[in-house]
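Biologist: Before we discuss this structure, let us look at it together. I shall then ask about particular residues and elements, and I would like the reasoning behind each reply.

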Amino acid sequence: MRDFAAIDFETANGSRSSVCSVGVVVVHGGEVADRFYSLIRPYPNYYSFFTTRVHGLTRADTDAAPLFPEVWAKVAPLVAGLPLVAHNRPFDEGCLRAVFEAYRMPYPGYRFYCTLRASRYRLRLPNHQLHTVAAACGYDLDNHHHALADAEACAAIALRLL
C-alpha cells in the first residue's frame with residue numbers, strides 16, 4: 001500500500017465519541033505528503049483519571065478547542081479517496097463511527113486497515129503494542145500517545161507491512 005492516511009485518536013474518557021485529539025499522516029506514492037494534528041473538545045466533555053494518565057491531556061487543554069465537526073471539515077479533504085490505517089483499527093474506527101453518530105453526521109464508509117493485525121501476522125514479537133512494532137520496523141516512537149506521533153508511527157509500520 002503506497003497511498004493511504006494513517007490516523008490516531010486519543011479519547012477523554014471511556015466513551016468512544018470522546019475524541020480529544022486526532023493525528024493524521026497522509027501518504028502518497030510511499031512518501032509522507034501531509035500531516036495534521038488538532039485538539040478536539042470531547043463529547044462528552046469530561047476526562048477520566050486513566051485517560052489523562054495515558055496521554056496527559058486534561059479538560060483545560062481542550063475547553064477552547066474546536067468541536068469534532070469543525071476539525072473533521074479540515075481532515076476530510078486530506079483523506080478523501082484514501083483508505084485509513086490505524087494501529088488497532090477497531091478502536092480508532094470505533095471512535096470515528098461513534099463521534100460521527102454523536103454529532104448526527106452521515107458516516108462516509110471509510111475503508112480501514114489495521115497495522116496491529118498485520119504485525120501479529122507478519123512479525124514475531126513479545127507484544128504488538130505500537131511502540132514495539134514501530135521499533136521492529138525501524139521507527140523510533142518518541143512521544144507515544146500523542147495522536148500525531150502515533151499516526152506517524154502507524155504510517156511507518158504500514159509502509160513496511162501493508
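**Residues, rings and a helix**

Biologist: Is Thr51 buried or exposed, and what is its relative accessible area?
Modeller: A residue is called buried under 20% relative accessible area, exposed over 50% and partly exposed in between (1.4 Å probe, protein chains only). By that rule Thr51 is buried, since its relative accessible area is 7%.

Biologist: On what basis are such values obtained?
Modeller: This is a predicted model, in which local features need pLDDT of at least 70 and side-chain atom pairs count only at pLDDT 80 or more, whereas totals for chains, interfaces and linings use all residues. Residues are numbered from 1 along each chain as its sequence is written, and side-chain values use heavy atoms, with hydrogens and water left out.

Biologist: With which side chain does that of Thr51 make a polar contact?
Modeller: Thr51 is placed in helix α1, residues 49-55; helices (H or I, at least four residues) and strands (E, at least two) are DSSP runs, numbered from the N terminus. A polar contact is a pair of N or O atoms within 3.5 Å; within protein, one must be able to donate a hydrogen and the other to accept it, and residues adjacent in sequence count only if both atoms are side-chain atoms. At 3.0 Å, the partner of the Thr51 side chain is the side chain of Ser48.

Biologist: How far from Asp92 is the nearest side chain of opposite charge?
Modeller: Asp92 belongs to helix α4 (residues 89-102). Lys and Arg count as positive and Asp and Glu as negative, while His and the chain ends are not counted. A salt bridge requires a side-chain nitrogen of Lys or Arg within 4 Å of a carboxyl oxygen of Asp or Glu. Asp92 is buried yet has no salt bridge, and the nearest side chain of opposite charge, Arg16, lies at a distance of 8.5 Å.

Biologist: How many aromatic pairs does a search of the whole structure find?
Modeller: Rings of Phe, Tyr and Trp (its six-membered ring) pair if their centres lie within 6.5 Å; planes under 30 degrees apart count as stacked, over 60 as edge-to-face and the rest as tilted. Under this rule, the number of aromatic pairs found in the whole structure is eight.

Biologist: What is the angle between the planes of Tyr43 and Tyr103, and how many residues apart in sequence are the parts that they tie together?
Modeller: The pair of Tyr43 and Tyr103 is tilted, with 5.6 Å centre to centre and 50° between the planes. Because Tyr43 lies in the loop between β3 (31-39) and α1, and Tyr103 in the loop between α4 and β5 (112-114), the separation in sequence of the parts they tie together is 60 residues.

Biologist: Which word describes the pair of Phe68 and Trp72, stacked or tilted?
Modeller: Phe68 and Trp72 are both buried. They are four residues apart in helix α3 (residues 68-79), which is about one helical turn. Their ring centres are 5.5 Å apart and their planes are at 20°, so the pair is stacked.

Biologist: How many of the 15 residues of α7 are buried?
Modeller: Helix α7 comprises residues 147-161. Among its buried residues are Leu148, Asp150, Cys154 and Leu161. The helix is largely enclosed by the rest of the structure, because the number of its 15 residues that are buried is eleven.

Technical notes
Expected span 1.5 Å × (residues − 1).
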